[in-house]
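Me: I would like a close look at a single part of this protein, with its surroundings filled in step by step. Here is the model I have open.

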Amino acid sequence: MLRILLIIIYLSYYQTESVQIEYPANQHIVERIRTDINSIDPIFRYYIIPREIQFHADALKDRLPFFLKCKGSKNSINFTVPTTAIDHLSLNMNYDSYTITATLRRNQLRPELVGRYTCLEIINDKRSETSAHVFIQDGTSVFTKTLYPKVFQHTGIHFFNLPCQATSWYPRMSCPMSTDSRRCKLRECNPKERQVNELKCNTPICDGQDICIPVYYTPSDLQSSKVFFDPQIGFALENPTIPKTLTEFICKSDYAPSQISKIPFDSFDPDYVQIHQSSLNIVPDEILRLSCEIQYGTKVGRKIPNIFWFEDIHNLNLIANETEKPSFNVFTQIYSQNSSITLRGFKLNQTYRFYCVRVSEQGVYSRSVDITCVDKPSLDLEITSPVSDTPDEVSYGSHSSYEISIFTVPRSKILIEITRNGLSLANDKRFELKLASDNENQYYEYTLTIYNITFEDETDIKITAKSSASEKTKIIKPNVTGNPVGQFSFISNDIPRIIPWRDEYEKNKLNIYSYGIYERESYRIVCTVRHRADIARPLNVFIHDIQCSIENCLSDIIDRTCKSSSNPRLLLTKANRINNFQTEFVSIESQIIDNPSIGHQYICCYEQNGLIMLAKSLTALARNRNMFTVRKPEFSLVTGDTLTYRCESHDLIYDDLRIIYDDGLFTYKRNRFDAEWRSLETNQPKQTDIKWLTPTSEHIRDTIIEVETSPLRKIGKNGFLQCMASSKRPDVVPNINDTYIIHVDVDENRRPEMIRIRALLCHSKMLSKQAFEYYRTEYNRYQEENATDENVFLFGDDQGVSELPSFDDDNNIPFNSSHNDDVTYRSTSTTDYYPTASDNTSHTYLSQSDKDYAEQRNDSYLTPIKPNTNNQQRTIAANLSDKLIPLNQPNKNTPTPSTTESNIPYVIPKNRAPFRPPPPIPSSKRSGEGGDSYV
């Protein structure tokens with residue numbers, strides 16, 4: 001018996017794990033295995049199920065016990081049915097037989113039941129799966145639906161799919177008719193019968209032949225390279241040409257002309273699948289990696305999309321086929337997933353096509369990429385200008401943009417060099433090269449922008465692209481249009497150098513610039529003119545000098561031109577030729593500005609067939625040349641420091657100043673003439689601990705704001721201070737601001753002081769109530785503000801003060817109040833006094849004093865203790881007992897008193913001593929007299 005049991009266990013354990021799909025035994029239910037799979041194009045073969053089960057409508061004459069069964073060997077089985085069939089089937093799980101049974105809800109065989117059914121089981125990471133495609137032959141319908149969801153340009157897998165699934169396995173694109181009319185007969189139907197069942201009446205009955213129903217689609221002229229139809233997937237068209245004006249397709253059959261299945265079409269590309277390269281050229285020994293991407297949102301449906309590369313790799317060597325996990329972008333709320341395939345072994349002069357596929361509840365979509373294997377390396381370089389119809393024509397001072405396209409075989413990294421007259425322009429800030437796209441190191445797109453273009457750029461600019469195997473060079477030569485342009489600068493007689501108005505390579509240039517002149521500073525004006533190399537010489541350039549009041553300087557010069565300048569003072573200038581493209585005009589006479597209310601307007605003019613304004617400038621007396629300055633700490637701040645922040649601007653340029661203050665919790669604002677701080681968010685008046693000063697300038701037209709914080713306590717970032725200057729004309733001179741981040745470090749100098757206070761607090765019973773509260777507050781605040789300290793310990797409110805009377809209220813002590821027997825503490829009652837460490841006692845922790853208070857007036861808990869004749873000191877530490885420790889060694893022959901309270905002598909009280917004042921704030925320094933202090 002035991003042997004039989006072991007055999008049964010052995011057979012049940014090692015039995016083959018498999019799943020099955022079963023259907024009822026009925027003569028009207030037919031199963032077939034497709035024998036034409038090998039003859040179908042591999043592209044379409046991938047999506048057709050060999051096993052087909054067809055239910056005839058007559059199968060319902062005998063009530064079906066079930067529709068289909070999914071049988072497995074464990075409870076982990078899963079039965080997948082078509083989405084359209086869910087509402088018409090009832091699925092039940094039998095855990096004893098490991099079976100999922102699908103039964104008809106209404107005992108009707110409807111077209112919605114047509115589709116793929118899959119039975120799946122996974123045991124120990126081993127997948128067992130079987131599928132079958134179910135057809136319903138109701139004798140009246142040809143296609144599963146008469147109205148389908150919208151399809152797009154890339155609908156289908158490897159092809160454009162018209163999903164006209166047939167309800168039975170009989171439809172074909174063409175039905176051969178027998179030449180023997182005796183073998184095929186048409187049914188005779190009256191008009192009423194034909195109206196009720198036109199398909200049955202129009203389908204001929206041919207002896208010895210299967211039923212065949214011809215189907216087709218419109219429009220028929222789509223110029224596809226291949227057309228395929230299968231009842232399981234519908235029509236498949238490879239590379240069709242679909243008009244963008246087309247709105248729908250129609251699937252139909254002449255046997256059922258009233259059944260028209262419309263498929264809406266949208267020419268919009270939904271980008272359900274994105275391949276990073278559309279076509280590639282490679283060499284035979286190259287390793288190719290293809291990648292594609294899908295994106296979907298959080299509301300994608302019940303099932304997330306799948307992405308994969310089609311497995312047909314044309315007999316190439318597959319190195320890797322990888323699909324990454326989806327990644328989620330929290331900002332866009334979009335998932336993205338990538339799939340890649342790596343191949344090698346390409347044959348010369350062969351063309352390959354690969355497909356990336358996305359399968360989801362929205363349908364099946366795919367993209368293709370064509371690969372051509374060539375015999376030699378190549379590099380194609382194309383440069384175009386998308387801005388102008390005349391690519392090389394650009395106006396002076398504007399920006400010129402070029403699009404650079406590079407295609408390289410084999411795939412390689414690309415190096416681009418831009419040179420002029422043999423010199424590299426890599427460090428010229430006006431030349432900006434940006435990579436727009438890189439498709440697998442083969443197809444590159446760059447954008448080259450030349451900012452603030454000048455006449456000097458009217459020379460050949462070489463653009464060279466280099467790959468690992470070859471290089472190519474092309475030349476661009478901008479044709480700069482426009483008049484000469486001037487640029488102001490100054491030569492200080494005190495500083496032997498030119499002070500430029502602006503960076504010549506700055507992208508964003510302004511029309512008018514202001515310049516600060518120091519008091520009694522002697523300077524000369526320089527107008528540098530940029531022009532073409534072939535300009536007529538000498539250049540007729542002159543400079544106007546016009547005085548103005550500070551209030552009107554900026555607004556006046558905006559409207560002034562060379563023609564409208566009234567009563568100008570022409571400066572005598574000397575021309576210096578810099579190069580073929582630049583000439584410098586320097587004023588011979590020096591200038592000095594000593595009046596803070598008067599400024600100077602300078603206009604550089606050029607005369608050739610009329611006056612042309614080249615440049616404008618303003619000068620005024622100022623504290624700094626930038627006309628805006630900020631004074632702030634140059635070194636790091638520590639706890640206890642105060643921050644002073646000062647902001648200055650010149651009235652010539654800026655109307656007002658604003659200070660923004662952030663204390664780490666809230667943000668405040670205050671303008672120069674505001675009476676109080678306001679919340680930046682609500683604009684409500686707020687109180688801050690910031691001091692506000694607006695000092696006036698006696699000689700310079702400056703607006704000044706100075707703010708000062710209270711002592712900084714918090715370690716780390718304490719918010720920020722920001723100064724914002726509002727320009728009188730932001731369209732001419734922009735607003736400007738400065739921000740200072742407040743960061744505070746630990747003040748290491750206070751640590752020793754706090755350690756001594758902590759030691760004193762650990763022996764707090766020696767202190768009066770007021771003294772303890774003072775030192776406790778100081779120490780706890782230091783610990784909270786210096787969160788970086790180790791072993792942080794905060795003293796509570798009742799630390800050693802429950803029995804401490806107040807200096808101010810010692811007459812209110814109850815008559816029978818108990819006293820602490822610890823001799824290190826004595827209350828200031830009418831019968832007590834302060835014991836001191838200077839009392840003469842031998843081998844005791846605290847002696848009674850027979851001195852009057854007047855002799856003890858130098859005593860203090862916070863001052864050094866003078867040594868007595870016994871060379872005794874009092875020591876207090878945080879980790880020691882609160883008893884006093886004698887530092888001299890006792891005689892070995894003399895018994896040492898016990899430290900228990902019973903052996904500690906009472907201090908004999910005297911008459912009440914005069915009131916002692918509270919202890920002073922402890923000093924961080926220690927006196928050179930006597931022993932250690934208490935802190």
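How many of the 7 residues of strand S52 (residues 644–650) are buried?

Reply: Happy to walk through this with you; please keep in mind that the model is predicted. In strand S52, 6 of the 7 residues are buried, so the strand is largely enclosed by the rest of the structure. The cut-off behind that word is under 20% relative accessible area.

Let's turn to the partners of this strand. Strand S50 (residues 628–631) pairs with S52 in the antiparallel sense, over 4 bridges. If you want a spot to click on, take Thr 629, whose bridge partner in S52 is Glu 648. S52 also pairs with strand S58 (residues 702–708), again antiparallel, and here the pairing runs over 7 bridges. There, His 650 stands opposite Asp 702 of S58. As a general point, side chains in a regular strand alternate between the two faces of the sheet.

From S58 we can step to a salt bridge. Arg 701 and Glu 551 meet through their side chains, with 2.5 Å from N to O. Arg 701 is in the loop between strand S57 (691–693) and S58, while Glu 551 is in helix H5, so this pair ties together parts that are 150 residues apart in sequence.

That brings us to helix H5 itself, which spans residues 550–559. Its buried residues are Ile 550, Cys 553, Leu 554 and Ile 557. These four cover an arc of only 80 degrees around the axis, which puts them on the same side of H5. The general background is that an α-helix has 3.6 residues a turn, so residues three or four places apart point the same way.

Another salt bridge also links separate stretches of sequence. Glu 458 pairs with Arg 532, and their closest N and O atoms are 3.7 Å apart. Glu 458 belongs to the loop between strand S36 (443–450) and strand S37 (461–466), and Arg 532 to the loop between strand S43 (523–530) and strand S44 (541–549), so the pair ties together parts 74 residues apart in sequence. Arg 532 is partly exposed, with a relative accessible area of 27%. Salt bridges with shared partners also join Arg 32, Arg 34, Asp 36, Glu 52 and Asp 230 into one network. The count for the model comes to 31 salt bridges.

For a contrast with the enclosed strand, try Phe 331. This residue lies in the loop between strand S26 (327–329) and strand S27 (334–344), and its relative accessibility of 78% makes it count as exposed. Together with Phe 328 and Val 330, Phe 331 forms a nonpolar patch on the surface, with about 360 Å² of accessible area for the three together.

Finally, here is the wider setting for S52. The chain has 7 helices and 60 strands. Of its 935 residues, 45% are buried. Among contacts between residues at least 6 apart in sequence, 68% join residues at least 24 apart. The accessible surface of the chain comes to about 51000 Å², and 48% of that belongs to carbon and sulfur atoms.

Notes:
Residues are numbered from 1 along each chain as its sequence is written. This is a predicted model: local features need pLDDT of at least 70, side-chain atom pairs count only at pLDDT 80 or more; totals for chains, interfaces and linings use all residues. Side-chain values use heavy atoms; hydrogens and water are left out. Buried means under 20% relative accessible area, exposed over 50%, partly exposed in between (1.4 Å probe, protein chains only). Helices (H or I, at least four residues) and strands (E, at least two) are DSSP runs, numbered from the N terminus. The arc is that of the directions from the helix axis to the C-beta atoms. Patches are made of residues with over 30% relative accessible area and no salt bridge: like charges are joined within 9 Å, nonpolar side chains (Val, Leu, Ile, Met, Phe, Trp, Tyr) within 5 Å. Accessible areas come from the Shrake-Rupley method with a 1.4 Å probe; for residues, only the protein chains shown count as cover. A salt bridge is a side-chain nitrogen of Lys or Arg within 4 Å of a carboxyl oxygen of Asp or Glu. Contact means heavy atoms within 4.5 Å. Two strands pair if DSSP finds at least two bridges between them.
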